[in-house]
Each structure stands twice: as C-alpha cells, then as structure tokens.
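I opened this entry to look up salt bridges. I wanted the partners, the distances and the burial of each side chain.

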Amino acid sequence: FWKSFSLSNSYNLIDQLMNYRDLLGLGDWGYFQLVKALSNHIFQDNQLNVDLLTWALMIRSGYDVRLAFNQSCVTILFPSENTIYSRQFVIIGQKRFYLDREMNSQLLVTCQKPFPENFRMIDLEFYKALNFNGRLIEQKISYQWNKKNYQFILRTNPYAVQFYNDYPKTEPAIYFRAPVSSTLKENLLEQFYPLLSKMNKTEAVSFLQQFVQKEFKYISENQKDELNLPRFAEQVIDSKLGDDRSKSVLFSWLVRILLRSPIVGIQFQGYFS
C-alpha cells in the first residue's frame, strides 16, 4: 500500500485538508478526525483500507503515527503532547503511543522507528475557536440576583458541542484554556458586560459565581460517566448541566473574558477549583 501511495501526488489533497483545518479551527485532533472521515468516505465498509489511507495521509502531513495490527484487528497508533485518560496505549522508544481503536490483545506488530523528519505529535490544545456552520440553538436562562430578574439568551452550535463531546479526556488545563465559539462569546459580551461594568469587581465576580452555581444543574458523582465529563464551557452552557469541575471551567472562562481578570485553576483529587 505504501509503495503505491508514495507514487501518487497526495500533497495537493493534504494542502486542502490543512486549509479546512485552519478555516474550521480544528487543531491537531480535529485534523486527525477529518482525515479519518475522508478516508472512510473513499473506502466505505473497508476498515483496513480506511486505516491504511488515514495512516499514509497523516504520515505525509508530518505526524509520527504508526500502523499496528495483530491477527484480528488493525489500528493507528499516535503520540500526544498531552496525557489522554481512559485510552489504551503502548510505549515505543520511551514515547507513549495511544491506540485509535481499542484492541483486546496486548500483542501488536508495528514499526519501531518513525519516518525521517516525522516528529509531530497530536496536540490537544485549542489555539483558535471552532468555526462551524449550522443552525444555532438558543438557550434561555432566567436568573435572579439581589431581587432583580434577568434573562439571557445564549446561542450554541450543535456541531461544536458534538465535537467537544467526542474529544479525548485530557489534562485540566486544556479545558480551562479552550475558547468558546465567536457567536457565544459575542452573546456573553453583549448581555453581561453592560451589567457587570456598573458593578465593582467583587460584586461582579459574585454575580457570575452565583449565575454558574444556580442556573446550571449540578451533576452528582454517580452521573458523571453518562456525560463524558469533564466538560468544556460551551458544553455546560448547551446542556445547562455541570459537576464541580465543569462549573469551575465555565466560571473561570466568564471571569477571564467578561472581567478581564487572571484566573488560576487548581486541581484537587477528583475535582477542580
């Protein structure tokens, strides 16, 4: 497969894929999913060929990915700049490679050495906001503060929320630093900033803290697995649900964007603050 692929001119295709990556704000993980989706479209119902084409395109894109197989299954191995939780991995040359598809057997055959100059790893950090089209969903949130009633309308993109839902579970800092979509950011600034600008900073922080605590239903420990937690700020707003970690992420984002104050996220065992 590689001999055949290497004779083809795939660079034009890769340029187009990377243009979509930048246009949509996908980052490395989203780019990997885009390449898999394209390969699946070309080789429908043939998982081996899907994996082969995905592997080859990621190699040509500069990533240090490996193809791995055993007697019953094939998968792609990829290294990550960040820790990924709840995912199988193997160690190759002191580097952790995660399995794109779970395999029952620990016995794998793969290439030990990378392609020359292929050292790029999957970085789960977001360097720009997701830029997806699609009909937005309105969330109407009523809030009472100091005996006054407020109503906010926040718009989320269902495709962005689905992208977050499928994102690998990773380090707390990724969730704290991730941006929300430009539309949601504009909604927050338009509706919250005129109110907060009339308050002193202590009162404004209290306003936001109570907003997050009261208006987003709490998820208990025994419900977390059902909702793939921890969660990004936009997921919390979309579902109006969050545990302590998710609410901390949303609260920190609101304080940073609306009050322009620095935030320090603290990780305790089992939760954030």
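My notes on the salt bridges follow.

I am working from a predicted model. I looked up the total first: the structure holds nine salt bridges. I took three pairs in turn.

Entry one, Arg21 and Asp22. I find a salt bridge here, with the closest N and O atoms 3.0 Å apart. Buried or exposed, I asked of Arg21? Arg21 has a relative accessible area of 14%, so I log Arg21 as buried, the cut-off being under 20%. Asp22 comes out at 39% and is partly exposed.

Entry two, Arg101 and Asp51. Their side chains meet in a salt bridge, 3.0 Å from N to O. I checked where the two residues sit. Arg101 is in the loop between strand 4 (95–99) and strand 5 (137–145). Asp51 is in helix 4 (residues 47–60). The pair is 50 residues apart and links distant parts of the chain. I noted accessibility too. Arg101 is partly exposed at 25%, whereas Asp51 is buried at 4%.

Entry three, Asp64 and Lys95. I read 3.1 Å between the closest N and O atoms of this salt bridge. Which parts does the pair tie together? Asp64 lies in the loop between helix 4 and strand 1 (66–69), and Lys95 lies in strand 4, so the salt bridge ties together parts 31 residues apart in sequence. Asp64 is buried, with a relative accessible area of 2%. Lys95 is partly exposed, at 23%. I then followed shared partners: salt bridges join Asp64, Arg66 and Lys95 into one network.

Conventions: Residues are numbered from 1 along each chain as its sequence is written. This is a predicted model: local features need pLDDT of at least 70, side-chain atom pairs count only at pLDDT 80 or more; totals for chains, interfaces and linings use all residues. Side-chain values use heavy atoms; hydrogens and water are left out. A salt bridge is a side-chain nitrogen of Lys or Arg within 4 Å of a carboxyl oxygen of Asp or Glu. Buried means under 20% relative accessible area, exposed over 50%, partly exposed in between (1.4 Å probe, protein chains only). Helices (H or I, at least four residues) and strands (E, at least two) are DSSP runs, numbered from the N terminus.
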